[in-house]
Amino acid sequence: ACSRYELSIQASLDGFLFCVHTPDTGEILWWKSYHWEFTGYGQLLRKIRERYDTEDWSTLKFGQVTISLGDPRFVLIPRPLFSDKAASRLLAGEKFSTADTELVMTPLEPLDAVMAFTVHEPLAAFFRDHHPGCVISHEIALLLRNFSQQGPNGLFVHLHDHWFSVICIRGGRPDVVNTFDYRSETDLLFYLLSFLNLPGYETGPVTLSGRIDVQDSRYVLLKNHIPRITLFTTEYPSGESIPLTEIPAQLLPGVIPI
């Protein structure tokens with residue numbers, strides 16, 4: 001009965017998340033999370049192929065499949081100024097190579113903008129072969145949607161192993177969307193404190209999500225210097241499904257609509 005359910009996948013160089021959920025209530029029926037660290041998408045693809053061969057996931061036909069790429073590289077272009085050429089030119093200015101990549105565009109209605117990002121062509125081809133009709137998007141698009149649902153105002157930090165995204169919601173609309181690379185825990189603290197010291201961000205709650213938990217030394221360090229920071233939590237719908245206590249709720253904003 002897989003056609004009754006939706007599959008959401010998040011693929012990044014620091015992990016792979018595989019989640020089956022109901023489209024109406026959001027109940028999570030199946031959850032797989034793998035944490036690893038690769039330097040390139042070729043390594044990531046080999047590992048995902050290995051997981052698919054082991055689990056035989058390609059035989060399951062879901063009603064909808066969404067692939068969210070977790071990567072710090074993207075550009076946001078106002079809709080009136082958007083063009084494929086502009087997006088390609090902006091992404092080509094990144095320090096990362098764009099060889100063997102495909103340009104993907106995602107409209108973002110709340111921002112009246114278009115998000116453009118590159119995805120490793122063999123990785124995109126793999127998912128399309130195994131899940132025909134799947135939608136390939138970017139984690140930031142999902143984070144914008146989910147955090148905008150949390151209230152009219154809020155500052156949200158979504159963490160990966162070597163980068164984090166900052167999204168500020170004001171009046172129900174995204175006000176700031178940015179990413180920061182970091183190499184150490186002190187880097188992480190420095191960049192986050194630098195941002196929070198900017199005018200308008202010195203007070204108010206800060207919600208942390210992503211690959212982190214309360215025992216993580218990064219969380220302990222951040223909490224010591226930023227007492228107002230809290231870990232993302234969410235209420236879970238009732239029903240016969242996986243208890244939320246068995247799923248790290250702080251990962252949910254980057255994987256499924258909540």
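This report describes two sheets, the helices packed on them, one pocket and one loop residue in a predicted model.

Residues are numbered from 1 along each chain as its sequence is written, and side-chain values use heavy atoms, with hydrogens and water left out. As the model is predicted, local features need pLDDT of at least 70 and side-chain atom pairs count only at pLDDT 80 or more, while totals for chains, interfaces and linings use all residues.

**Sheets**

Helices (H or I, at least four residues) and strands (E, at least two) are DSSP runs, numbered from the N terminus. Two strands pair if DSSP finds at least two bridges between them. The two open sheets are set out below.

| Strand order | Pairing | Average turn between neighbouring strands |
|---|---|---|
| E3-E2-E1-E4-E8 | mixed | 15 degrees |
| E5-E7-E6 | antiparallel | 30 degrees, direction ignored |

In the sheet of five strands, the edges are strand E3 (28-35) and strand E8 (135-138), each pairing on one side only. Strand E2 (residues 15-21) runs antiparallel to E3 and is joined to E3 by seven bridges. Val-20 stands opposite Trp-30 in E3. Helix H1 (residues 41-55) packs on this sheet and touches strand E1 (6-12), E2, E3 and strand E4 (64-70); contact means heavy atoms within 4.5 Å. The direction of H1 makes about 145 degrees with that of E1. Axes are lines fitted to C-alpha atoms, for helices over the stretch in contact, and angles run from 0 to 180 degrees between N-to-C directions.

In the sheet of three strands, strand E5 (75-78) and E6 each have a single partner strand, so one side of each is left without a neighbour in the sheet. Four bridges join E5 to E7, and Leu-76 has Met-115 in E7 as its bridge partner. Helix H3 (residues 121-130) lies across E6 and E7, at about 95 degrees to E7.

**Loop residue**

Asp-112 lies in the loop between E6 and strand E7 (113-120). Its phi is near 50 degrees, a positive value in a residue other than glycine. Asp-112 is partly exposed, with a relative accessible area of 41%; partly exposed lies between buried (under 20%) and exposed (over 50%), with a 1.4 Å probe and protein chains only.

**Second largest pocket**

A pocket is an open set of points on a 1 Å grid over the protein atoms alone, where a 1.4 Å probe fits, with protein on both sides within 12 Å along at least five of seven lines; lining residues have an atom within 4 Å of a point. Of the 23 residues lining the second largest pocket, the closest to its centre are Ser-137, Ala-141, Leu-142, Arg-145 and Pro-257. H4 gives the most to this lining, with five residues.
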